[in-house]
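Please open the structure in your viewer and colour it by chain, so that each stop on this tour can be selected in turn.

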There are 4 protein chains.
Amino acid sequence: MTRGYSRSKADYLIRLRKIEGQVRGLQHMIEDDRWCPDIVQQVASVTAALQEVAAGLLDCHLQHCVLDAARSSDREGRARLDEVASTIRQVLRL
Amino acid sequence: MTRGYSRSKADYLIRLRKIEGQVRGLQHMIEDDRWCPDIVQQVASVTAALQEVAAGLLDCHLQHCVLDAARSSDREGRARLDEVASTIRQVLRL
Amino acid sequence: MTRGYSRSKADYLIRLRKIEGQVRGLQHMIEDDRWCPDIVQQVASVTAALQEVAAGLLDCHLQHCVLDAARSSDREGRARLDEVASTIRQVLRL
Amino acid sequence: MTRGYSRSKADYLIRLRKIEGQVRGLQHMIEDDRWCPDIVQQVASVTAALQEVAAGLLDCHLQHCVLDAARSSDREGRARLDEVASTIRQVLRL
């Protein structure tokens with residue numbers, strides 16, 4: 001099935017593989033008894049990379065699935081937009 | 001002009017007036033030399049209330065302005081959705 | 001009573017009064033039916049200003065109250081640091 | 001060298017390995033063309049798990065390295081607390 005992110009699938013996979021590598025790097029930092037503030041700083045940078053992925057996926061989703069739904073019917077459009085609004089709340093941890 | 005939040009305008013004004021009162025309350029806490037962690041906890045609760053307002057406004061905006069734009073033309077819809085995506089990035093501080 | 005933020009009390013009051021003014025500004029934006037993404041962007045900037053206040057207060061608290069407690073006794077120091085850790089969790093909404 | 005998190009090293013490694021698995025899970029969701037809001041919700045949950053790790057590491061760091069530094073000298077204590085304050089700012093993305 002085609003999704004909003006289909007065209008950038010390869011790009012998201014590359015970013016997530018890089019994030020996976022960073023999480024492995026955090027494990028090495030712990031194993032090597034690295035200085036705690038350095039590890040926390042690295043955690044903050046991984047967190048930001050993940051939120052970039054979330055923002056990008058939401059963007060694709062809006063530009064494709066939501067736009068398609070809005071064109072097909074008001075009810076469909078409204079349902080998809082409701083779902084996006086609740087997803088935004090989850091990302092903001094509200 | 002009608003906005004997505006027009007029907008809930010009174011509700012948003014009530015919430016923002018409450019938040020304004022809480023910010024004044026923070027000033028009193030500082031003036032009264034209150035215990036620092038108590039003030040920070042109160043700041044965190046005002047911050048969450050503000051992000052609830054942001055999430056609510058985005059929701060109204062999606063359900064009205066963006067849906068209308070998507071119905072009127074693809075180009076309009078896309079432009080509004082691009083704007084929403086960049087607003088979400090600002091809220092997430094990316 | 002002297003608090004960690006005592007010397008910068010005036011500075012915090014100025015910042016909080018500015019934030020109070022910005023929250024009133026948000027109310028005017030709603031009253032004037034301003035464009036929703038512009039309001040959300042302004043909410044994001046008030047939120048960041050509040051978190052700056054929280055980070056600053058935590059900083060003062062660590063440099064004064066927590067340092068004093070750590071010097072007076074291990075038990076006191078530990079108790080204050082526990083409290084700081086739980087305050088950090090509240091700010092991060094965990 | 002002993003760090004604040006030394007005693008809970010095994011626990012942090014378990015948590016980070018679980019997070020690494022979740023990031024791999026996100027890649028499978030992308031490969032399987034899963035529904036975008038479901039992926040974003042999962043990203044939000046990984047982000048929260050990472051921030052829990054950051055908050056926990058800061059906590060250990062305060063209870064050990066910072067407390068030790070504060071006991072050894074005022075100057076050392078102040079330097080470590082300055083560092084913690086700047087780390088908190090990075091976590092809050094300020």
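Start by selecting chain A and chain D of this predicted model, between which 18 residue pairs are in polar contact, both residues of a pair being at pLDDT 80 or more. On the chain A side of this contact, the elements that give two or more residues are α1 (9-31), α2 (36-72) and α3 (74-91) of chain A, and α2(A) gives the most, with 18 residues. By class, that side has 26 nonpolar, eight polar and 11 charged residues.

Next, display the side chains of K9(A) and D33(D), which form a salt bridge with their closest N and O atoms 2.8 Å apart; the count between chain A and chain D is four salt bridges.

Now widen the selection to the whole contact, which takes 45 residues from chain A and 45 residues from chain D. Colour I30(A), D33(A) and W35(A), since these residues of chain A lose the most area to chain D, together 15% of what that side buries. The area buried between the two chains is about 4,300 Å², with carbon and sulfur atoms giving 67%.

Then hide chain D and show chain B, where the contact takes 24 residues from chain A and 24 residues from chain B, burying about 2,400 Å² between them, 63% of it on carbon and sulfur atoms. Four salt bridges are found across this interface, including one between E52(A) and R89(B), whose closest N and O atoms lie 3.5 Å apart. On the chain A side, α2 and α3 each supply at least two residues, and α2(A) gives the most, with 12 residues.

Note on methods
Residues are numbered from 1 along each chain as its sequence is written. Chains are lettered from A and ligands numbered from 1 in the order in which they are written. This is a predicted model: local features need pLDDT of at least 70, side-chain atom pairs count only at pLDDT 80 or more; totals for chains, interfaces and linings use all residues. Side-chain values use heavy atoms; hydrogens and water are left out. Contact means heavy atoms within 4.5 Å. Buried area is the accessible area (1.4 Å probe) that two parts lose on being put together, summed over both. A polar contact is a pair of N or O atoms within 3.5 Å; within protein, one must be able to donate a hydrogen and the other to accept it, and residues adjacent in sequence count only if both atoms are side-chain atoms. Helices (H or I, at least four residues) and strands (E, at least two) are DSSP runs, numbered from the N terminus. Ala, Val, Leu, Ile, Met, Phe, Trp, Tyr, Cys and Pro count as nonpolar, Asp, Glu, Lys and Arg as charged, and the others, Gly among them, as polar.
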